[in-house]
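Open your viewer, pick a cartoon style and keep a selection box handy. We will go from the whole chain down to one small sheet and back out again.

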Amino acid sequence: MFNPRKCKFVAGSDAELGLYGNRLEKVESFVYLGVDMNETGALWSQHFERRRRLATTALKMLKSFGFHGYGLGERTNLMAYKAIIRPALEFGLTVMPPIKAVLKMLDRAQVSFLRQMFTLPQNASGVALRVMCALPSFT
């Protein structure tokens, strides 16, 4: 059984749909199973930008708990990154077609997050960071 208050639809025309006598809301886009969608399919750039913002929020929370270069140890920071931040960035990646701009944005975000978690300067090598942390590149 579906809850009409939670149901929405996307259509390119002026269609009206209903469910159990209730009119459904027409929207331009929506999140379905965690992925941003519209009438043409998945909105990958929008989806991964939302995932990056979520990971940024998680990173800020972790830093407030001591997950930075002057707080807990590097091993603990790396474990937190791999358990919390990286999965937030990766969600949906396995079903996305390879879009270079999105993958580059994820790579930049990963390097930025690692620099912050280890309190490193902005010019610290992203390649060296990934190698030292045994993390794959998104590209």
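In what order do the elements of the chain run from the N terminus on? They run β-β-β-β-β-β-β-α-α-α-α, with helices (H or I, at least four residues) and strands (E, at least two) being DSSP runs numbered from the N terminus. This is a predicted model, where local features need pLDDT of at least 70, side-chain atom pairs count only at pLDDT 80 or more, and totals for chains, interfaces and linings use all residues. Residues are numbered from 1 along each chain as its sequence is written, and side-chain values use heavy atoms, with hydrogens and water left out.

Next, select residues 29-32, which form β5, and 41-42, which form β7. These are the edge strands, each pairing on one side only, of an open three-stranded sheet with the order β5-β6-β7 and antiparallel pairing. Two strands pair if DSSP finds at least two bridges between them.

Add residues 35-38 to bring in β6, which is joined to β5 by four antiparallel bridges. Show Tyr-32 as sticks: opposite this residue stands Val-35 in β6.

Now select residues 44-64, helix α1, which packs on the sheet and touches β5, β6 and β7; contact means heavy atoms within 4.5 Å. The direction of α1 makes about 150 degrees with that of β6, on axes fitted to C-alpha atoms (for helices over the stretch in contact), with angles from 0 to 180 degrees between N-to-C directions.

Finally, zoom out to the C-alpha trace, which spans about 60 × 30 × 20 Å along its principal axes.
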